[in-house]
Structures are given as C-alpha cells and as structure tokens.
Amino acid sequence: MTSDLTTVTIVSSNPSTQRSGLPLSTEIISYFHKKADRYDEVDQQVYWRLSDELLWDTLTTTCLDRLPPDFTFLDAGGGTGRWTQRVLDAYPRSRGVLVDLSPDMLAVAETKRTGDRADRLDLVQGDLGDLPAQVRDRRFDVIWNFHNVIGFVPDPGAVIASLADLLTDTGTLVTLAPNRYHAVYFNLAIGRLEAAREAATTGVSTFTDDMPPLRLFSPDEITELYAAAGCRVDLLTGFPSAVYPSRQETQLDGSSPAVVDLLGDPAIFADVLAIEKQLALEPDLAARGNNIFVAGRRNPA
Ligand SMILES: C[S@@+](CC[C@H](N)C(=O)[O-])C[C@H]1O[C@@H](n2cnc3c(N)ncnc32)[C@H](O)[C@@H]1O
C-alpha cells in the first residue's frame, strides 16, 4: 500500500496572527527544537503515566472503540507521535495523519514509522492555523489535539473550527486543553505568583520560566469554542483531578517526592487510577483536572 500523502517541508505559518502575548510560530519551533530529542522521556515520570492512562482510557472507551476498525484519524499538533504510535498499534487497521509545526518533533515521529506503520501514517509539517492542502483535502473519523496544542495556537477558535470542518459526518473532535484554574493553583504552589495572576486575569500564562506563553481554558470556554464551530459536546471531563503535579513534572525528567511517595507503589498507583477513572465520569471534574478533555461532533446540517 502506498501513502497518498507525503511529508512536506515548508512551514506555512502566519506571524500576523500573533495576539495577546501568544508566541510566534518561530518561538514554538525554537522551544520544541530544544525539547524534541528527550520529549518521550515523559513516559518515565509516574505522574504523566497516570495522566496518560486516563487519557488513553477515556479516548478508547468513549471514542475509538466505537469506530469502525479501519477508521481514519488526524493527530493535530501530534509532536513526536506518542499518541499516533499507540493508536496505530492498538487499532491495526486504522490509518491517519500527524501534522505538526516543529520539524524536530516530526523527526522523532519519523523514527517510529516502522513496519506497517509507515504505510498507515503520514507526517505533515504545517501550521494548524493555516492547514496544508494535504490535510485540508482529507476527512477524518476522529481528530485529536492533545497537551497544550490548542493553547499554543494564536486563534484557538479558528483552529477548532477548521479541524471540525475536516470531520466526516459522524466524526469526533477530541481536545485535551490546559485548565486555567489548575494553572493558577499550580503556579501559586510553586511560588510563581505573577504567572498565577496572569492565568487568573488574562488566561495566558506559563508553567515554567523557559516555555512560551500559552492560552489556558475553562470548561465553559472550550464548550463555547465547540459551539462556535458548530459542534455539540458529547463528553466534557478533566484529569488528573485528585493528584496534582509539582515543579519536577514540568521538566523532561524527575518527579516530585510527594508524587513518587504516592504513586511509586504499583498497588497504590492502581488504586489512584481507579479513583481517578471513577471521578472522570463526573462532568464537574472538568474544572478540577490538570487538563480538560472534551469530545464532540458536528451538529447535523
Ligand atoms: C506539548 S506538545 C504535545 C505533542 C503531542 N500532542 C503529545 O500529546 O504528545 C505541543 C505540540 O504542538 C505543536 N504545535 C504548537 N503550535 C502549533 C501549530 N500552530 N501548528 C501545528 N503544531 C503546533 C508543537 O510543535 C508541539 O509538537
């Protein structure tokens, strides 16, 4: 089987869309240039393993398991392909596209295009704010954007709307977005008062001194973006909501002692995961999770 998409090498970004202190695409590229090689080491941090299990469980049970086995997907801002790889392996007839701004993140994703994954996955370099034709001309059963992607784009409403346009008639758009309320708490907890104030007042802030500013969201704000894009929300939740990260979890390695004390024991990890899964069934949790998870579909025409 040959691929009908090819990797593109031209980034189509539009610096004029910068607003509200959000970074230029060149700043995003430069930031992930420094992170890409070690980005996947996040898998070794016990807090992120908990978070990943919750995301995987929610994504599979509420969305992927309900699709036909040969579903198509778009991983928007898919980075190093952590989620694409897992989906391709768990759903061996699925196929899709990963689009990302960062050549360095894509270079890591390319190393995972081994075996039949190479035929089932196309990597496209491009800007979600100005989607390349190779993506624009396709339709997908599921589109996801995970972990801060929607916070980094200058115009999240426009991006959600243009992704919704790429859904098949019954397709689902899934977003995992940074929670503004969590950002206020987190920054206060680690002594970053000004960042907490910015999160509370402008909704644009950071979690570390070296990262570009990103837009943060409340559950209502995400729901409004979906509504403006003509989508109804089928599921709104948030996680992790019972265990919070500390400064170490914002780095590529290391874990905070409190998190390790709690989650380092596999039996306790399993218990906490079960508690988190139970809580994640409750929509109120969206406001308490580190990240907000939302899945929705286009309203019928
Ligand atoms: C924190 S990483 C998350 C990567 C991946 N989604 C994951 O969960 O592992 C954010 C990703 O968003 C990408 N990104 C940020 N702004 C983008 C844009 N305007 N267009 C495409 N990708 C973008 C970055 O290059 C980076 O790979």
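Colleague: Which residues of helix H3 (residues 82–90) count as buried?

Modeller: Arg82, Trp83, Thr84, Val87 and Leu88. Buried means under 20% relative accessible area, with a 1.4 Å probe and protein chains only. Bear in mind that this is a predicted model, where local features need pLDDT of at least 70 and side-chain atom pairs count only at pLDDT 80 or more, while totals for chains, interfaces and linings use all residues. Numbering runs from 1 along each chain as its sequence is written, and side-chain values use heavy atoms, with hydrogens and water left out.

Colleague: What covers the buried residues of H3?

Modeller: The cover includes helix H2 (46–62), helix H5 (117–120) and strands S1 (72–76), S2 (95–100), S3 (121–125) and S4 (140–145).

Colleague: What makes the pair between the ligand and the side chain of Asp100 a polar contact?

Modeller: A polar contact is a pair of N or O atoms within 3.5 Å. A ligand oxygen is 2.6 Å from an N or O atom in the Asp100 side chain, so the pair qualifies. Ligand nitrogens also pair with the backbone: one is 2.9 Å from a polar backbone atom of Leu128, and one is 2.8 Å from a backbone N or O atom of Phe146.

Colleague: How much of the ligand's own accessible area does the protein cover?

Modeller: 97% of 600 Å², by the Shrake-Rupley method with a 1.4 Å probe.

Colleague: Which residues does Val174 touch beyond four places in sequence?

Modeller: Among them are Leu59, Val142, Phe146 and Tyr226, contact being heavy atoms within 4.5 Å.

Definitions and conventions. Buried < 20%, exposed > 50% of the residue type's maximum accessible area, 1.4 Å probe, protein only. Helix = DSSP H or I, 4+ residues; strand = E, 2+ residues; numbered from the N terminus. Polar contact = N/O pair within 3.5 Å; in protein donor to acceptor, adjacent residues only side chain to side chain.
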